[in-house]
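Colleague: I am new to this one. Please take me through the labels and how each was reached.

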Amino acid sequence: MVAEWFHKLFTQENWGVYLIGFAAQLLFSLRLLVQWLLSEKKKSVQSPGIYWILSIGGAFLLTLYGWFRKDFSIILGQFITYYIYMWNMNSKGIWNSIPEYVRWLLIYTPIAATGLMIGDAGAFFRSFFQNPDVSIGLLLFGSAGQILFTLRFVYQIVYSYRRGESLLPVGFWILSFAGASLIMIYGIFRNDPVIILGQSLGWVAYLRNIMLCCRPKY
């Protein structure tokens with residue numbers, strides 16, 4: 001039974017699409033690894049600039065992956081956080097150091113994608129909401145996980161804005177762990193190795209950052 005599940009998992013989609021998804025998850029995993037190592041070194045939770053650079057690169061690729069997979073919940077999660085990453089990069093003073101053509105590409109790609117969806121709303125609805133591989137119930141469950149996972153960045157930007165600097169507070173990591181758990185379950189039902197691998201790698205880092213945030217300060 002397990003062998004059949006793995007066979008289905010890795011043969012149902014074009015591997016070119018999977019490579020885009022795995023590349024996105026690699027960037028997301030690298031951001032956690034770098035952030036985790038720097039936090040362990042400083043003995044407190046850090047918010048390095050490279051974390052946000054890797055975040056926006058991963059979001060760009062994962063949005064493409066969600067489009068090719070016709071998975072609305074994936075696109076929804078990335079679309080909301082996309083510009084929050086930009087705000088944090090600007091707060092860190094690194095946004096303007098990126099080549100101008102890259103900045104234009106990052107800013108207007110989601111806008112262009114939205115325009116294409118609105119231009120052919122009927123085809124979009126059929127592709128993303130009448131996908132035979134994703135029932136409405138499963139889509140709602142996955143979207144709920146993505147919304148919870150995304151709320152961590154809404155919380156993060158409000159928290160950071162009030163303090164005038166880019167920070168990663170304990171609430172961010174708690175929401176990360178809870179959202180990742182729901183998305184992992186969704187990925188299992190969706191038979192999606194990109195989602196399963198990407199979320200499983202983050203669990204340890206989320207828990208460790210919660211521990212660092214809760215460490216007594218002397």
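Modeller: Start with the second largest pocket, which holds about 220 Å³ of space. Bear in mind that the model is predicted.

Colleague: Which residues line the second largest pocket?

Modeller: Val45, Gln46, Ser47 and Lys92 are among them. So are Tyr159, Cys213 and the run Glu165, Ser166, Leu167, Leu168, Pro169 and Val170. Each counts as lining because it has an atom within 4 Å of a pocket point.

Colleague: How does that lining divide into nonpolar, polar and charged residues?

Modeller: Seven are nonpolar, three polar and two charged.

Colleague: Why is Val158 called partly exposed?

Modeller: Val158 has a relative accessible area of 38%. Buried means under 20% and exposed means over 50%. The value of 38% lies in between, so Val158 is partly exposed. Val158 is found in helix 7.

Colleague: What makes Val158 fit for a nonpolar surface patch?

Modeller: Patch residues need over 30% relative accessible area. Val158 has 38%, so that cut-off is passed. Its patch partners are Ile80, Ile147, Leu151 and Val154. The patch covers about 350 Å².

Colleague: Which helix gives the largest share of the nonpolar patch?

Modeller: Helix 7, residues 136-163, with four residues.

Colleague: Why is Gly142 called buried?

Modeller: Gly142 is also found in helix 7. Its relative accessible area is 1%. The cut-off for buried is under 20%, so Gly142 is buried.

Colleague: How far apart are Gly142 and Gly187?

Modeller: They are 45 residues apart in sequence. In space, they are 8.2 Å apart, C-alpha to C-alpha.

Terms used
Residues numbered from 1 in each chain as written. Predicted model: local features only at pLDDT ≥ 70, side-chain atom pairs only at ≥ 80, totals over all residues. Heavy atoms only, no water. Patch = residues over 30% accessible without salt bridge, like charges linked within 9 Å, V, L, I, M, F, W, Y side chains within 5 Å. Areas by Shrake-Rupley, 256 points an atom, 1.4 Å probe, with all protein chains shown as cover. Salt bridge = Lys/Arg side-chain N within 4 Å of Asp/Glu carboxyl O. Helix = DSSP H or I, 4+ residues; strand = E, 2+ residues; numbered from the N terminus. Buried < 20%, exposed > 50% of the residue type's maximum accessible area, 1.4 Å probe, protein only. 1 Å grid on protein atoms, 1.4 Å probe; cavity = no way out; pocket = protein on both sides within 12 Å on 5 of 7 lines; lining within 4 Å. Points joined across faces, edges and corners; volume = space filled by probe spheres on them. Nonpolar A, V, L, I, M, F, W, Y, C, P; charged D, E, K, R; others polar.
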